[in-house]
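Thanks for coming. I will go through one chain this morning, starting with a single helix pair and then moving outwards. Please have the viewer open.

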Amino acid sequence: MSDNFFEKHDLSIGVFVAGIAVIMFLMFGAGAIGPLLFHTIETLFGKLTNEEFGILFASSIVIMTLSIVIPNVLIIRGRPRAVKINKINVYFQLICYLLFLLVLEHKQTWIFLCFVIFPLLANWLMSSAKYLTFLAFYETLRKDPIVFRQSLAKRIFK
């Protein structure tokens, strides 16, 4: 089984860079949504009190962190189906950026809207061959860890 992995996939450092880059792009895109969300809510509904701001801030951090961390931990644990959650996260970020573009009119917010490139890059990388190899690596490692590690050691120390 592990020999099939090495026959089908070209394992290189770029595979792991692509996997980590997807996680980072998702985090960067989600991090820019926070300030834009607060600014949009203040634009639509008026100034937030300190308590409202704190509750909104804490809940948005928890939701965005969990929606990024849990699927990527599952991916690294060998569950490639969690990529669907990452794709949903990318589409949610793109919809949020579209909403911000329609609602916000201030020139300062255009700087934050430039962060839309991060979910686009994450989506592009998720469809690349290197990211698919990243998923296959961890899935194969989960299925038969001992044989896969032995086969990997043979290939590395040839």
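**A helix pair, then the chain**

I begin with helix α2 and helix α6, where α2 passes α6 in a left-handed crossing. Before going further, note that this is a predicted model.

By residue number, α2 covers residues 13–45 and α6 covers residues 117–126. Their axes come within 8 Å and cross at roughly 155 degrees. The cut-off for roughly antiparallel is over 145 degrees, and α2 and α6 are therefore roughly antiparallel to each other.

Which residues in α2 and α6 meet? On the α2 side they are A18, A21, V22, F25, L26, F28 and G29. On the α6 side they are F118, P119, L121, A122, L125 and M126. Sorted by type, the residues of this contact come out as 12 nonpolar, one polar and no charged.

While we are on α2, please find G14, which is also placed in that helix. Is G14 buried or partly exposed? Its relative accessible area is 22%, so G14 counts as partly exposed. If you want a distance across the model, take G14 and L104: they are 90 residues apart in sequence, and their C-alpha atoms are 38 Å apart in space.

Next, the second pair. Helix α3 runs over residues 50–76, and helix α4 over residues 83–103. The axes of α3 and α4 come within 8 Å, with a crossing angle of roughly 150 degrees. That makes α3 roughly antiparallel to α4. The crossing of α3 past α4 is left-handed.

From α3, the residues in this contact are M64, S67, I68, P71, N72 and I75. From α4, they are V83, I85, N86, N89, F92 and Q93. The division here is seven nonpolar, five polar and no charged.

One residue of that list is worth a stop, and that is S67 in α3. At 22% relative accessibility, S67 counts as partly exposed. What does S67 contact, leaving aside its neighbours within four places in sequence? The answer is I85 and N89, and both of those residues are in the α4 list I just read out. S67 can also be placed relative to L26: the two are 41 residues apart along the chain, and their C-alpha atoms are separated by 9.8 Å. L26 is one of the α2 residues that meet α6.

Now towards the C-terminal end of the numbering, to L152 in helix α8, residues 145–156. With neighbours within four places in sequence left out, L152 is in contact with F6, L11 and F137. The C-alpha atoms of L152 and F5 are separated by 10.0 Å, although their positions lie 147 residues apart along the chain.

Finally, the chain as a whole. How many helices and strands does it have? There are eight helices and zero strands, and the pattern along the sequence is α-α-α-α-α-α-α-α.

As for dimensions, the C-alpha trace spans about 65 × 30 × 25 Å along its principal axes. The radius of gyration is 20 Å, whereas a compact globule of 158 residues would have one near 15 Å. Of the 158 residues, 37% count as buried.

Last item: among contacts in the chain with a separation of 6 or more, 77% are between residues 24 or more positions apart. The L152 contact with F6 can be used as an example to look at on screen.

That is the tour. I will take questions now.

Technical notes
Residues are numbered from 1 along each chain as its sequence is written. This is a predicted model: local features need pLDDT of at least 70, side-chain atom pairs count only at pLDDT 80 or more; totals for chains, interfaces and linings use all residues. Side-chain values use heavy atoms; hydrogens and water are left out. Axes are lines fitted to C-alpha atoms, for helices over the stretch in contact, and angles run from 0 to 180 degrees between N-to-C directions. Helices (H or I, at least four residues) and strands (E, at least two) are DSSP runs, numbered from the N terminus. Angles under 35 degrees count as roughly parallel, over 145 as roughly antiparallel, 65 to 115 as roughly perpendicular and the rest as oblique. A crossing is left-handed if the near helix is turned anticlockwise from the far one by less than a right angle, and right-handed if clockwise. Contact means heavy atoms within 4.5 Å. Ala, Val, Leu, Ile, Met, Phe, Trp, Tyr, Cys and Pro count as nonpolar, Asp, Glu, Lys and Arg as charged, and the others, Gly among them, as polar. The radius of gyration is taken over C-alpha atoms; the globule rule is 2.2 Å times the number of residues to the power 0.38. Buried means under 20% relative accessible area, exposed over 50%, partly exposed in between (1.4 Å probe, protein chains only).
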